[in-house]
Amino acid sequence: MSRDLRCLLVTHSLSGGGAERFAATLARRLPRSRFDPGLALAVDRRDYEVPEDVTVESLGYRSLLSLPRAIGRLRRRIRAFRPHLILSNVLSTNCLVGAALIGLEHRPGWIARVGLAPEVGEPLFQRLWFRLVYPGVDFLVANSEGMVREIRKRYPRVTERIRSLPNPTDFVRLEEAAARPLDFPFPGDGPKLVALGRLVPQKRPDLAIEALASLEDPSVHLLWAGSGPLETATRRRAEISGVGDRLILPGFLSNPFPILRRADLFLLTSDFEGLPNALIEAQGLGVPAVATRCRYGPEEIVDHGRTGLLVPPGDLEALVAALESLLGDSERLGRMARAAARRARERYGLETVLPRWEGLLREAVDAES
């Protein structure tokens, strides 16, 4: 297909987690010889950069009361841009697009992406709505193989259109970002743990704090970059556990990679995930990981014993044992770091994954022709 396949990327915002960074990466990296991307944001937050040739429009979503207005704005955006294809990026924007396409005279192709375990991240009203609108998708994309099996059970009417496709990770850009100076010094001379993610119950910052407090080495520090509703409770728990001076909470960082590059270990304590971008990025930058073997994703990213260690979700004893075994073994950490960088870049780098996304976008347009 020749130039200018118009693709409208609909995402929650350009700030926050991996799904938002995925949208920004596609907007930057889709080749302009074949694609003309545009962006629609449910919420107008813009921390991730996109090129000047990409038009970004806010849908003005603030609460359920503003939902009809957001749907109307999206319908007008679709009519003005006349995309060949829409790619909705998370569950909330899948809802928006599904509603906006009802009765629309110009029907573009539609790819809906699911990036979070649906059995725990999908409220009942969304699930009922998806049963109505998902039969209209050309492809329903999960970013991990394990999630595909669950989605097939939930939405049997679209089984043949479900695909597994990870997010493309721009490791060249990550290397450039990681080479920039630190915004602030990482305190302490001891081992450094880094976690990236919102401070929400799913991510289990409480478990991370209890693990930090249980380590034998009192010089270990944990930096958790991210904001969220549990920030105050997390600080309070750290103080109660006696590690308030060893936990650093800088909030959301648009460039956490200089800190990540200096970490001894990446820590992921989640109860459930999709395919956590932060874990992929850490591994690609050569940071070994200790992660929970939660649904879904970590088991596909981390090669247990070779690029990091996996432990059962919620198991404090196993988590502490894994951390202790690696923090005292610099030679093993070095081997894991090299293996992690090779594996992550081979599996999730732009050169590997972006052509697969390009192929799926074209296939969805062809399906509507």
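C95 is buried in this predicted model, at a relative accessible area of 15%. Its sulfur lies 19 Å from the closest cysteine sulfur, that of C7, which is too far for a bond. The structure holds 0 disulfides. A parallel open sheet of 6 strands is the other topic covered here.

**Cysteines**

- A disulfide is a covalent bond between the sulfur atoms of two cysteines.
- A pair counts as a disulfide when the sulfur atoms are within 2.5 Å, so C95, with its closest cysteine sulfur 19 Å away in C7, has no partner for one.
- C294 is also buried, because its relative accessible area of 6% falls under the 20% cut-off.
- For C95, the value of 15% is likewise under 20%, the limit for a buried residue.

**Sheet**

- The strand order across the open sheet is β10-β9-β8-β11-β12-β13, with parallel pairing.
- β10 (247-251) and β13 (308-311) are the edge strands, each of them pairing on one side only.
- On average, neighbouring strands in this sheet are turned by 20° against each other, direction ignored.

**Strand pair β8 and β9**

- Strand β8 covers residues 192-196 and strand β9 covers residues 221-225; the two run parallel and are joined by 5 bridges.
- W224 in β9 is the bridge partner of A195.

**Helix on the sheet**

- Helix α11, residues 277-284, lies across three strands: β8, β11 (265-268) and β12 (289-292).
- The helix runs at about 170° to β11.

Definitions and conventions. Residues are numbered from 1 along each chain as its sequence is written. This is a predicted model: local features need pLDDT of at least 70, side-chain atom pairs count only at pLDDT 80 or more; totals for chains, interfaces and linings use all residues. Side-chain values use heavy atoms; hydrogens and water are left out. Two strands pair if DSSP finds at least two bridges between them. Helices (H or I, at least four residues) and strands (E, at least two) are DSSP runs, numbered from the N terminus. Axes are lines fitted to C-alpha atoms, for helices over the stretch in contact, and angles run from 0 to 180 degrees between N-to-C directions. Contact means heavy atoms within 4.5 Å. Buried means under 20% relative accessible area, exposed over 50%, partly exposed in between (1.4 Å probe, protein chains only).
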